[in-house]
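Please look at the model below with its strands and its open spaces in mind. The paragraphs after it lead from the pairing of strands to the pocket and then to the surface.

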Amino acid sequence: MAEFTIPKPGEICWRELATKDLSKAIDFYSQMFGWKLEQTKVTPMDYKEIIIDGAAVGGMMAMDENWPPEVPSHWNCYIAVENADETAEKIKAEGGSIKHGPFDAPGVGRITLAADPSGAPFATIQFAAAS
């Protein structure tokens with residue numbers, strides 16, 4: 001497994017592609033940028049970690065039937081937080097919106113999909129304690 005250090009709160013820490021065609025995305029990005037993509041060991045789902053210089057910096061996953069059909073393939077960035085639930089409330093208080101969550105991602109942490117007041121999407125993550 002590639003190296004990964006839990007980031008400090010407030011750091012942009014993960015980039016993730018949700019795609020309708022994972023195979024094509026893997027081919028495209030590995031050919032385009034020379035990215036190494038490895039199956040994660042964190043979850044049994046088909047999730048490819050993006051490895052650059054030996055460090056996991058992001059991931060790719062397929063959009064399955066649980067995604068609304070109108071949602072296109074897209075990139076998202078994750079910002080580390082200490083407490084996902086408190087941060088979700090603060091996002092709303094500051095004029096942002098919560099699109100999904102907070103929810104638990106087993107073995108990973110607690111995630112919220114949100115948008116800033118202008119509608120720009122982002123995600124927050126409270127990482128699970130290292131075991």
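What follows is a walk through the strands, some backbone details, the largest pocket and a surface patch.

The model is predicted, so that local features need pLDDT of at least 70 and side-chain atom pairs count only at pLDDT 80 or more, while totals for chains, interfaces and linings use all residues. Residues are numbered from 1 along each chain as its sequence is written, and side-chain values use heavy atoms, with hydrogens and water left out.

Helices (H or I, at least four residues) and strands (E, at least two) are DSSP runs numbered from the N terminus, and two strands count as paired if DSSP finds at least two bridges between them. Strand 6 and strand 7 run antiparallel and are joined by 6 bridges, one of the partnerships being that of Phe 103 with Ile 111 in strand 7. These two strands form a hairpin with 3 residues between them, and Gly 107 in the turn has a positive phi of about 80°. Strand 7 pairs in turn with strand 8, again in the antiparallel sense, over 7 bridges, and Arg 110 has Gln 126 of strand 8 as its bridge partner. Here the hairpin has 5 residues between its strands, with Gly 119 in the turn at a positive phi of about 100°. Strand 8 also pairs with strand 5, but in the parallel sense and over 3 bridges; Tyr 78 has Ala 123 in strand 8 as its bridge partner.

Most residues other than glycine have a negative phi, and most peptide bonds are trans. Asp 53, in the loop between strand 3 and strand 4, has a positive phi of about 50° although it is not a glycine. In strand 6, where Pro 102 is placed, the peptide bond from Gly 101 to Pro 102 is cis, with omega near 5°.

The largest pocket holds about 1,400 Å³ of space. Of the 45 residues that line this pocket, Glu 16, Met 61, Tyr 78, Ala 105 and Ile 111 are the closest to its centre. A pocket is an open set of points on a 1 Å grid over the protein atoms alone, where a 1.4 Å probe fits, with protein on both sides within 12 Å along at least five of seven lines, and lining residues have an atom within 4 Å of a point. Its volume is the space filled by probe spheres set on the points, which are joined across faces, edges and corners. Among the strands that each supply at least two residues of the lining are strand 1 (12-19), strand 4 (55-62) and strand 7 (109-115).
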